[in-house]
Amino acid sequence: MILEEVLKQGVVDIFKEEYGVDLSPQLVTINITKKEHEGDYTIVVFSLTKISKKSPEQTAELLGNKLKEKTGIVGKFNVIKGFLNLSLTDDYWLNRLKEISANVTYGTFPANHKKVVLEYCGPNTNKPLHIGHVRNMLLGFSMGEILKATGEDVTKVNIYNDRGINISKSMVAYKRYGNNSTPQSTGVKGDHFVGDWYVKFGEVVKQELENIPNKPDDKDEAAKLTPIFKEAQEMVLKWEADDPETIALWKQMNGWVYEGFHETFKVLGIDFQKDYYESETYKLGKDIIEEGLRKNVFKKRADGAVIVDLTPDGLDEKVLLRSDGTSIYITQDLGTAELRHKEFGMEKMIYVVANEQDYHFKVLKLALQKLGKQWADGIYHLSYALVESPTGRFKSREGKTADADDLIAEVLRIAEERTKELGKIEGFTDEQAKELYRTIGLGALKYFVLRVNPYKKIIFNPEESIDFHGHTGPFIQYTHARIRAVIRKAGVTPTGFETLSGLHEVERELIIQLSEYENVVKAAAEKYDPSEVANYVYNLAKLYNKFYHDLSILNAETEQLKNFRVALSNQTGIVIKKAMKLLGIDVPERM
RNA sequence: GGUCCCUUAGUUCAAUGGAUAGAACGGAAGUUUCCUAAACUUUAAAUACAGGUUCGAUUCCUGUAGGGACCA
């Protein structure tokens, strides 16, 4: 049983014995003791005084004595106001370390066979990925790893918005001015190549607008009057009519985009088990609309539009199908959700989508629940806030800084520069050095994004945000490399330290921290929040560096102590590596 | 007009309703004959405002101000 539960249960038992009251374990609050006080864990007893009818101090004193007596793992305790600080015995912690070390799968939980579908990324195919996608991809991938660690059966899926007016814009511009150029002939990455034609389209609209008299003030409305825009609209119709030439062009251009995307996915180390395409799902959802009407859950409005009334749930009436019978996003999302449930029979479906869609996903979940689909209870919108530049929202026209590939190239460049400055690559082959830059650069970027709680917006300043000191990915990577250096020098795997006595303060703290790892993984999964893991592993690394600085490992006073410290180092390295893996970040053997 | 989200140090982030609100960067001052100084140590610096609930509020509730998003 996990330590916190042992202590909570102990408190419950004591209250049963002393006062005959059945206390719920949830009412017992237990924290790691603040470092300015002596102790490992602290029980906060204020809330228990109502039952004990005694002062906080007396209640804590009683609990301390009884816990010491009953559990056998409490070495000593002290009481400050209503806080009971428990120090566990050195034996307990040494055994705990031994237990953790012996468990190769420490921090991962047995398979529970719960099927989870995790959708993330969801790009449009008319332009390259930008910094917002980066946050999405890193969050999505990490969430998948965390859920897998807690035993869930995760299928990661992507959805490509590959049809409609936007891709048609790129197609029209390319058709007019492309001269059969290709990514290969121009040396431009596929998604950027297509994105450039999308930009070109915008430029042409601007030019053509100058020749249009009496245009409306609204820019978007005015744009619709230009010849090239009309061409794009025709292109959509032709596509829907399966016009062979249009389909061929569409396939060709999307093909280029996918090539480009896959390259970026590979660099970021993210993957999907299944791809969905809007072109294949955009007609879905009509059946479910029918079902809703039959069940009287959805209603037909006077104008013919199908709506669901969500006013009892504090939302509005929401249109699910337009009065002319055409679909909107919510229509196909309903259909796609149903399709996935047929395919996977999942208990949970997680959508990693920006918080602009909060309302949309509330509607989606509610509508499916109202249809009586129980699996809809398992829908979770992992909503994340935008990534903004210091001057506000990144606009694609601000260019370079918002582009995912440029951003990645930039962090790799900085990593290379900094590593060379420090002279850290002696004895590395060119290949190894390059690999190291990649590891460190991506580590910095990924950690920067994942350390922040998803619902908080990130202010990203390309000049300053990528750092290698302090609370950063490279700091943690460096700590791992340091540990590996110690292990290499130590040679053998140590044993027989468990008879040691008299743990040093920082050694204790380190073991406590290692012992918390499994709780952190669980919490991150429950809260759908990788930043829990990110902040944990930083604290672990920081603590290790203190340990490393304060105490000698290889030159410890006795052989036994050396063995123990090597083992503690080794285990810290293992947990750092595991935690970073959950974030999708590699750790180097040396740097 | 309605709904939702955010506001903590100069800056970027932490804090299941618990102790003196933690870190990092930046500022100031230090540590290397010793296992990797991308490290470690010391130091100054913050809960937007006003109420309420509570033994106890950064956290929960109400209102105000500022920032952002969505719905029509």
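Which residues are the closest to RNA strand B? In this predicted model, the residues closest to RNA strand B are Thr29, Phe83, Tyr478, Arg482 and Tyr548. They belong to a set of 54 residues that surround the strand. Of the atoms of RNA strand B that come within 4 Å of the protein, 60% are accounted for by sugar and phosphate.

Contacts to the phosphates were examined next. The side chain of Lys489 places an N or O atom 2.8 Å from a phosphate oxygen of RNA strand B. For Lys34, the corresponding distance between a side-chain N or O atom and a phosphate oxygen of the strand is 3.1 Å, and for Lys35 it is 3.3 Å. Two or more residues are contributed to the surface near RNA strand B by each of the strands β1 (29-32), β2 (41-44), β4 (83-88) and β15 (458-459), and by each of the helices α15 (358-370), α18 (473-490) and α20 (531-550). Among these elements, α18 supplies the largest share of that surface, with seven residues.

The composition of the surface near RNA strand B was also determined by residue class. Nonpolar residues number 22, charged residues 18 and polar residues 14.

With regard to the organisation of the protein, the domain assignment of chain A gives two entries, domain 1 (3-88) and domain 2 (115-389). The centres of domain 1 and domain 2, taken over C-alpha atoms, are separated by 53 Å.

Definitions and conventions. Residues numbered from 1 in each chain as written. Chains lettered and ligands numbered in written order. Predicted model: local features only at pLDDT ≥ 70, side-chain atom pairs only at ≥ 80, totals over all residues. Heavy atoms only, no water. Near = heavy atom within 4 Å. Polar contact = N/O pair within 3.5 Å; in protein donor to acceptor, adjacent residues only side chain to side chain. Helix = DSSP H or I, 4+ residues; strand = E, 2+ residues; numbered from the N terminus. Nonpolar A, V, L, I, M, F, W, Y, C, P; charged D, E, K, R; others polar. Domains from an automatic or database assignment.
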